[in-house]
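User: I would like to follow how the labels given to parts of a model are justified, one label at a time. Please set each value beside its definition before you conclude.

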Amino acid sequence: MSAEIIKDIENKKTELESLLKNAKDLKEVSSLKIEYLKKYVKSLYSELKNASVEEKKSLGKIINDFKNFAEEKIKEAEAKYKQEKSAAKYDVTIFKDSIRLGSMHPLTKLYKKIEKVFVGMGFSVVQGPEIETDKYNFEKLNLPPHHPARDMQDTFYISAPNVLLRSHTSSVQIRTMEKLKPPVQIISPGTVYRVDDIDPQHTPMFYQIEGLVVAEKISFANLKAVLIKFLKEVFGDEVGVRFRPSYYPYTEPSAAVDMSCTKCGGKGCKTCRNTGWITVLGSGMVHPNVLEGVGYDSKKYTGFAFGLGLNRLALAYYNLDEIRKLYENDISLWRQI
Amino acid sequence: MFKFSLNWLRDYFEEKIKYDEIMNKLKLQGFEFGGKKEIDGDIITEIEVKANRPDMLYHMGIAREIKAFDGEKIPEITHEKCTVNSEDFPVKISVNKEVCKRYCALKINGVDLKKATPEYMTKRLNALGINSVNAAVDIGNYVMLDMGQPIHAYDFDKIAGKKLFIDKSEKDSKVTTFIGEEAEVKKGDIVIFDDESIKCVAGIIGTQGAAVTENTKDIILEAAVFDEIPVRLTSRRLKISTPSSFRFERGVNVSSTRDVLLKCAEMITKICGGKIETNIFDFYPEKKEEKSICLSVKKANDLIGEEIDKDLMIKLLEKYDFKCTAQDSDTIKVKIPSYRLDVKLEVDLIEEVARIYGYDNIKPELPTIKTSYTKNEVWDNMDIIREVFTGLGFNETINYSFIPNNTMNVFGIENGDRLYSDLVLQNPIAGAYSLMRPMMTHSLLSSLAYNYSVNNNNLAFFEIGRVYFKDNSFDTGVKETDTLGFIMSGVRIPKGFGQDKDIKYSYYDLLSYLNVIMNRFGQNFELRQNDYKFCEEGSGYDIILSGKVVGFIGELNKSKLSSIQNVKLIKDQIFYGEFYLDTLTEKVKKIKFESKYPSVNRLYNLLQRKDVPAGEIADVIKSSSEIIRNVAVKDIYFDKTFKENEYAVLYEVKYCSKDSTLTAEQIEDIENSFLKKLNEKWGISFKK
């Protein structure tokens, strides 16, 4: 009796193999699975009950072998069908050009990133007029009339010498300090103007972000920490930052802040004029004359201020070559970022 | 900016200094590299010298900085000549002390100016951009670039009446500078003149009047320090900037004037022969005292944020020629070197301490400040607008705030109109960038047109920026308002994917976008017709919020605006809107209606007169029953069978009750009631 069974098992093996080979889909494989692995194996086990002890042992092994064999073959077949796709209903590589988000201006995009860092540190955002008086743009910033440092900022006038287009947003800081008592922790973002013809590397208008912190016991070490945190959060932890002595009439001590060139990583390239560094910020401890000028007690309060031109930074950030492109509004460029 | 010669600088050092090393030292102390050129075995380097450090505008000053950095002895001006002050000077000189801080002069007799300037000198001068004239002038220039004191030489024989006056000019006059150019001296300019004419525009340039030539025998050599501001003003007005005026404007060390003059005279006699007269003229009415400042160690450390001990602080300062005396445990009395014109206050000394200590050695430390965040609503609203508009597919632009000076004319906006402005710059870079914009229209239209010129078509843009109007209630005389502008033209949804026609931007899109953004802020706005000349007839409307005009919309009149660059490239209709953001505050909306019963939508095709606003009809429908939740216009169409002044409007009405599932009868009752009202009021009929 066992010989017959053994033979039958052998036949079933070949049968199953060829049927699996010709199976058209997963469904057919499933029915073969039921037929051979469940029903047939079950029937074999029931045969086994009738066998002698001797036979049980050898036949049991043969049945087990078959079971393993069938399981393996069915698994293979299933895997094969699972891999195969059904005929595609749609071409998923097609996207409608007409469904898209509008682009934000690159300056806005970068600005928002920067704003987030400062707001996260507790800075408030303040605004002020773009058309300013000499008093707020220069005089209150320790820049009396005819000061040679005024040459650094060639100014547009509405009516000279008193009404002008602000050449920096420091004017907003003065206006804010006149309104608020310390502690003050603000950024003043906005458009500023300096006389410059429009060419690839110059524009008569640009975006500036200035910051100011005035409170008791504010130090240069604080200034360094805040600006390092800002640059690392915007440009990444790997960016190098250094502080160099500089001069601004409204800060003392003053520092220029350099960042390792993001284009070449500090090795030296055209963007950083082979120095490996890009100057990104002007900063310093607020000059006591400025504090006194807005009615703050400079013996009690100290503070730091900083300013950055967003447009130059945007060139490095977006790898853009021409600064004037920022105001040409060619939308095909905006759509890339 | 100052250019220096490496070979020249090397004169100050016994050992050969390395270029890269000195450049690094200068950079660390805040003098940025500005470029270099190699000329004839020398390196000419430009460094950035800020306005506070005129002591770095000459070679000795640079050598001083480098030596101080290295802790070496600082160079000083040395000369052998002993002189005596004398009233008995061969030229009678009178100086107005209001315009001149110091005036030194001496006489050299019997020079031979046919002798050539030594080659090393002309080579260095040329490399630094100064042409050789004759030995006396060249040596004067050389001394200036070496020691910072401008020098001027006069031909003694050409001084009329043997008198020189240093004073403000009493009248306007024309002079010919020694290089042969005309300059107009105005009343009040500081000049040096004799009995006959102006010999020198003080601190700026000499005239031909008493210029030394190769035939000059006796020289009057002048070293003076004029007031900074008048020199600056005259130099700017004449548009003549000389190495001398550049230095006077920034400040010249008044303490070394006489020494430099003597050094210069010595060099002239060595090269050109002659003899220096012992009598020297030295007008120095307010002798500059050696200045001392008390520095508090604690204050310095508090401001820097470090713990630098007193002894180290003294050591650092003395390296840089600041002589220190400890007063008590906290105070150091610091003597300021005469050439450091920038150190005036204690805080200036603190900067010196920080600078010499090294900014990089100061350990960063985040501050802890107890301030509260102040909300800035206009600013926050701009973010909301950006989100909404980019979400709707609009792209953001930023344009210059100044627009062409003929804009009012092109747009047909007249003096007295709400949008009129003549707020122009006095010194624009060009006429096309001179009017401070009173509206965003020109900016957005130009951006749109520019994009058509670079083949970006079918566009919608928005811009958030300011508009400017004269307004004397502001201290600047100008009112600035944050404004949103938006513009669109061309195809909004292109044909394809089963749709057989392009869908272009339409006036109804413009209205709907306005509605979307106003809704976002919970604002109910009204529109009031206003025929702007730059809009197509009948398309211009003012936007009214709480009774105030806050902006306008319209279809731009392309033929009127066709003179604006590239506008002709735009073939489709252009729709535009703008409104002010300062009055926009977000109103919180409440959820008013909830129902567990199903709602029913019904469509009504109403034949109506064109002059009856659909909005009013919708209001009538809506007010006819509280069961009506919403009325929306779904379509407008015209058919040839209609009368000329009629069209059909398709309204969708949504019914829903709080209390029960609606029956057909209930709805029919309501619709009969509003259809009747509409018919009575406007003769509107229901087209089945």
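**Labels and the values behind them**

User: Which strands does helix H16 of chain B lie across, and what makes up the statement about its direction relative to E31(B)?

Analyst: Helix H16 (residues 614–623) of chain B lies across E30, E31 and strand E32 (646–655) of chain B, and its direction makes an angle of about 150° with E31(B). Helices (H or I, at least four residues) and strands (E, at least two) are DSSP runs, numbered from the N terminus, while contact requires C-beta atoms, placed from the backbone, within 7 Å. Axes are lines fitted to C-alpha atoms, for helices over the stretch in contact, and angles run from 0 to 180 degrees between N-to-C directions. Helix H17 (residues 664–682) of chain B lies across E30, E31, E32 and E33 of chain B, at about 15° to E30(B).

User: Before we go further, how do you know which parts of such a model may be described, and how are the parts labelled?

Analyst: This is a predicted model, in which local features need pLDDT of at least 70 and side-chain atom pairs count only at pLDDT 80 or more, whereas totals for chains, interfaces and linings use all residues. Residues are numbered from 1 along each chain as its sequence is written, with chains lettered from A and ligands numbered from 1 in the order in which they are written.

User: Why are E31 and E33 of chain B said to stand at the edges of their sheet?

Analyst: The open sheet has four strands in the order E31-E32-E30-E33 (chain B), paired in the antiparallel sense. Strand E31 (628–637) and strand E33 (685–687) of chain B each have a single partner strand, so one side of each has no neighbour in the sheet, and this places both at the edges. From one strand to the next, the twist averages 35°.

User: What makes strand E30 and E33 of chain B a pair?

Analyst: Two strands pair if DSSP finds at least two bridges between them, and three bridges join strand E30 (residues 600–609) of chain B to E33(B), in the antiparallel sense. Within this pair, Leu607(B) stands opposite Ser685(B) in E33(B).

User: Why is Lys640(B) called exposed, and where is it placed?

Analyst: A residue is buried if 20 or more other C-beta atoms, placed from the backbone, lie within 10 Å of its own, exposed if 12 or fewer, and partly exposed in between. Lys640(B) has 4 C-beta neighbours inside 10 Å and therefore counts as exposed. Its place is the loop between E31 and E32 of chain B.

User: How do Lys217(A) and Asn455(B) fare by that rule?

Analyst: Lys217(A) has 14 other C-beta atoms within 10 Å, so it is partly exposed. Asn455(B) has 8 other C-beta atoms within 10 Å, so it is exposed. Lys217(A) sits in the loop between strand E6 (205–216) and helix H7 (220–235) of chain A, and Asn455(B) in the loop between helix H14 (441–453) and E22 of chain B.

User: What makes the backbone at Lys217(A) and Asn455(B) worth pointing out?

Analyst: Most residues other than glycine have a negative phi, and most peptide bonds are trans. Lys217(A), which is not a glycine, has a positive phi of about 60°, and Asn455(B), also not a glycine, has a positive phi of about 65°. As for peptide bonds, Ala160(A) and Pro161(A) are joined by a cis bond with omega of about 0°, and another cis bond, with omega of about -5°, joins Glu252(A) and Pro253(A). Pro161(A) is in the loop between strand E3 (157–159) and strand E4 (163–165) of chain A, whereas Pro253(A) is in strand E8 (residues 251–260) of chain A.

User: Why is strand E23 of chain B described as mostly covered, and which strands pair with it?

Analyst: Nine of the 12 residues of strand E23 (residues 478–489) of chain B are buried, and on that count the strand is mostly covered. Strand E22 (residues 459–470) of chain B is joined to E23(B) by 12 antiparallel bridges, and Ala460(B) stands opposite Met488(B) in E23(B). Strand E29 (residues 574–580) of chain B also pairs with E23(B), antiparallel and over seven bridges, with Thr483(B) opposite Tyr580(B) in E29(B).

User: How does chain B stand against a compact globule of 688 residues?

Analyst: The radius of gyration is taken over C-alpha atoms, and the globule rule is 2.2 Å times the number of residues to the power 0.38. For 688 residues a compact globule would come near 26 Å, but chain B has 40 Å. The C-alpha atoms of chain B fill a box of roughly 125 × 60 × 50 Å along the principal axes.

Methods: Two residues are in contact if their C-beta atoms, placed from the backbone, lie within 7 Å.
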